[in-house]
Structures are given as structure tokens and as C-alpha cells.
Amino acid sequence: MANSGKGIHVMVFPYPAQGHMLPILDFTHQLALHGLTITVIITPKNLPILNPLLFAHPSSIQVQIFPFPDHPTLPHGVENVKDIGNQGNGPIISALSKLQDPIIKWFTSQSNNNPPVALISDFFLGWTQNLAHQIGIPRIGFYSSGSFLTAVLHKLWPNLESFRSISEVNFQDLPRSPCFPWEHLPSVVRNYRESNPDSQVVRNAMIANVSSWASVFNTFDDLEGEFSDYLKKFMGHNRVFSIGPLNLIGVPSEMGRGGALSPRSEGVLKWLNECEDESVLYVCFGSQKFLKKAQMEALANGLEQSGVRFIWVCKPVTAQQIEQGYGSVPDGFEERVSGRGLVMKDWAPQLAILNHRAVGGFLSHCGWNSVMEAVVAGVMIMCWPMEADQFINARLMSEYLGAAVQVCQGNDSVPDSAELGRVISESMKKERIERVKAKELKNKAFEAVDRNGSSTRDLNGLVNELAQLAQVSNEENRLRPNTEMVPTAQYSVGVYAK
């Protein structure tokens, strides 16, 4: 299928957050390998994130840069969630929605020579459904998260008022009829405020996702097939494509994920080389999460009491964060665990660590990218979900798939150190069934992206659908050489089915 997409031009619009951008850029890499021409919509300060992709595909991927729109609650110069934290999602989504008219103006100014036939945009940018409608091309929603989460969101957003009055929400018509306490539902839903204009933009955008012409997920059938099948019925068509794990088929790691190793990182890998197979626990809560002082102390004591080898990635805190109650590694901890544990206070090569033979467990917040990286590495997860989609991901991995262990849950929860140490020690035993299940999931992930795997079939099916759109567009423009480009969204195309 290497050149099956030759002649197809699509626009890709990423959402500027680390956990969203890496998967959609990995997906864009795959589309380029299939021969597509791609225009990436980006704002100036996010442009460097594209460098590995542009280096890999200098002739097939181009960028269209739009100034980041002003927003009253965003500090000047902020264009990415990493610069402000998760509380910035609403304002950033709202600000980016102001790009609709500039994008329409740019699109209509383009030559009739090979115009884009589809817009692929992140699910946080659901407002682009209207944008795509305005310029007359189909919109494809890209989900950096899983289909289980999406099924939950699609039920929550239109019925939010009825759900907010109950302490537990039962999704009876979803597979396995899951039930979640209100506080475990996605933060983007719980943070909705009717009086807040940004909240209204977010809600309308999320509801609009259901109307997308197609949906693409960074997941695979053996992980979430039952939820993908549910979404096909819910949306009323089969254009629901599971093409993950994208970190298995994305931009080559030496170009895209983290860059060159620092001397400190190289030292960590050398330390791992001295450890027994599957004896090390990797502890990391993502790029944005900070723990409160009591949580840091409980985790440190639990790691110390567990007796296991570990690598703990914890970002240094500022004086202001300390005043806000956030904590750092307790004094004397590193000296007490010297030789058995390592504390990393800078960037960590997570993929390299997880895939090292010495690593057997991953204590994680269960963000979707971390989940997928653990699955690909065949490493059991110890779940401490705190916010966003993490409770849903933890439920999937622990209860539904049996490849994870719950150790704590909640944004403000403080685990009992002795119990945490015991659970860590017990979970790191090689005979644990969860560790066996994790290895089985790894094998299924590799099978999914193999030549005849389910994710490969879905990716090829999506490219075939785009080829049909391009064929219709080219034929109509050939018949009307002296008119403006003809929108393709009005034409029916074949529905890809497995």
C-alpha cells in the first residue's frame, strides 16, 4: 500500500498538547508513507514539533501557519497546553476556534490543482466539523485516546444536565454496562460551566464530533474492539478506524520522540543493563502532573518499603508550587535507596526505559499514550488514575483486560505507604497473572500492525475511502475546468467494512 494514496491531498489540524500531537503526527507519517500529500495547520510556536516529520517527508508534507488568536485568559505567547497546564484546554480550544474564517479564506484562495479532499482534525477541535462543512469537504475526527472513552463522552455531552445530578453514572447500553462515580468521569466534562463561554465552545465541539464523516482511533481491535463496534452502531456507519498502536508505526524514534539522550538518560540505561530481567518498576505520572507533598511522601515511603528496584521520574517544583502544596522528593530518600532506586528530575527516555528487558512494571496515571506505550512494551501497569480519561483507561486495563493492578485512585488521594509497598512488592513477582496478560497484549499489538493485522486493514481501508473522495473531486473538477473547486462532501462514497 506504499503509494496507494498518490494524488490524495488532505489537511491535518493537530491540537497543541503533547499527548494529542504525537499520535496525530505519527498518523500523518503513515499517510505520507501511503503516498498522500498533506498540509498541516499549525501556529508559530508549535512549528518546531513538526521538524522530525518534515525531515522525514520533505516533499509530501507542507505547513500552513496561522497566528495564534488572542484570548483574554491566556498569557501572551501561550500556544500549547504544556505552557499553562490542563486548565488551559478550554481557553485554547476557544481561541483556536477563531481560526475558522482565516482557514476558510486560505482554502478558497488555493488553486484548483489537487485541492484537499478531507480535513483531519483532533477530537478537541470538534468545531472544525462546521469548518469542513463551510468549505465543502468531509471532516475526519482523530482520537488520540481510546474508543471506550469516546463512547462515554458521546453519551455524556448531549445529556449532561441529567447526569450531573447523580453521584454515579451507569452507561447501561455500552459494552459491559460500566458505572462510574461522577468524580471519575473525564475532567473535560466535569469542568463544564454553563455560564462560561469557553465551556460552551468545548461542549458544542464535542457534540459535533458525532457528525464527523469518519473517526480514527489510536487503538486496536484486541484492546477495544467491542467499543469500536459499539461506535459504528452509534454513529450509523462503518467509517470508524482503529489503526494503533501508533507508537509502533509512527515517526522513527530517533527522529521524533525526545531527541538525543542526555548523559543522565544514558546513565539510566546503563544502570538498567546491570539489573535482572523484569526486576525494575518505572514510576512516572506524565509531563504535566505534580503530586502534593503528602502524596510524594507516601509514594517515596511505599517505594522504599517495597524492596523493589525502581526508576522514579519526578519534575522539580518551583517555590510557588511548594506554596501551593506540591511536594518534592523527601530529604534523604535518594541516599537511603542508593543502588536500588534512581530518581530522575529531568526528561526521561520513557520508550527506551519501558522497552528495556529489566523493566517489569509501570506505576502510571494511565494517560492513554502511557497506556499504549506500556502495551507495546508488554509491561504491566500499576494504576493511579487522577483526572481526564485516566479512570476509564485504568478500568479497561485492570478489570476488562487484566493487564494492570490498581494501587491508588484520585487526584488528592494519599495511599497508605505500607499497603502501597506491599502491593508493589506483590505485583512485581514474575508469576503475577497481570504480567502474563501484559505480554499477551504486546503480542496482539504487534499482530494488529502486521501486514494482515486489523490496524493495517483499517488504515488501508481509510486510504481507500480517501482515494474515492479524491477520484470524485478530480472527476468533477475535470468536467468543470472554468469553475471554482467543487465540494466533495456532497458525494456518497463506498463504506469500508471489515
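Why is helix α18 (residues 368-377) largely enclosed by the rest of the structure? To examine this in the predicted model, select residues 368-377 and display the molecular surface around them. Of the 10 residues of α18, 10 are buried, so the helix is largely enclosed by the rest of the structure. Buried here denotes under 20% relative accessible area. The residues concerned are W368, N369, S370, V371, M372, E373, A374, V375, V376 and A377. Extend the selection to G378, which follows α18 and has a positive phi, near 70°.

Next, select helix α6 (residues 147-156) together with helix α10 (residues 221-235). The two helices pack at an angle of about 35°, and their axes lie 8 Å apart. Viewed along the line between them, α6 passes α10 in a left-handed crossing. To inspect the contact, show side chains on both partners: α6 contributes S147, F148, T150, A151, H154 and K155, while α10 contributes E224, F227, S228, Y230, L231, F234 and M235. By class, the contact residues comprise 7 nonpolar, 4 polar and 2 charged. An α-helix has 3.6 residues a turn, so residues three or four places apart point the same way.

Finally, turn to the internal voids. The structure holds 5 cavities of 30 Å³ or more, and the largest cavity has a volume of about 120 Å³. To locate the largest cavity, select K289, F290, L291, C314 and K315, which lie nearest its centre among the 13 residues of its lining. That lining consists of 9 nonpolar, 2 polar and 2 charged residues.

Methods:
Residues are numbered from 1 along each chain as its sequence is written. This is a predicted model: local features need pLDDT of at least 70, side-chain atom pairs count only at pLDDT 80 or more; totals for chains, interfaces and linings use all residues. Side-chain values use heavy atoms; hydrogens and water are left out. On a 1 Å grid over the protein atoms alone, a cavity is a set of points where a 1.4 Å probe fits but cannot get out, and a pocket is an open set with protein on both sides within 12 Å along at least five of seven lines; lining residues have an atom within 4 Å of a point. Grid points are joined across faces, edges and corners, and a volume is the space filled by probe spheres set on the points. Ala, Val, Leu, Ile, Met, Phe, Trp, Tyr, Cys and Pro count as nonpolar, Asp, Glu, Lys and Arg as charged, and the others, Gly among them, as polar. Axes are lines fitted to C-alpha atoms, for helices over the stretch in contact, and angles run from 0 to 180 degrees between N-to-C directions. Helices (H or I, at least four residues) and strands (E, at least two) are DSSP runs, numbered from the N terminus. A crossing is left-handed if the near helix is turned anticlockwise from the far one by less than a right angle, and right-handed if clockwise. Contact means heavy atoms within 4.5 Å. Buried means under 20% relative accessible area, exposed over 50%, partly exposed in between (1.4 Å probe, protein chains only).
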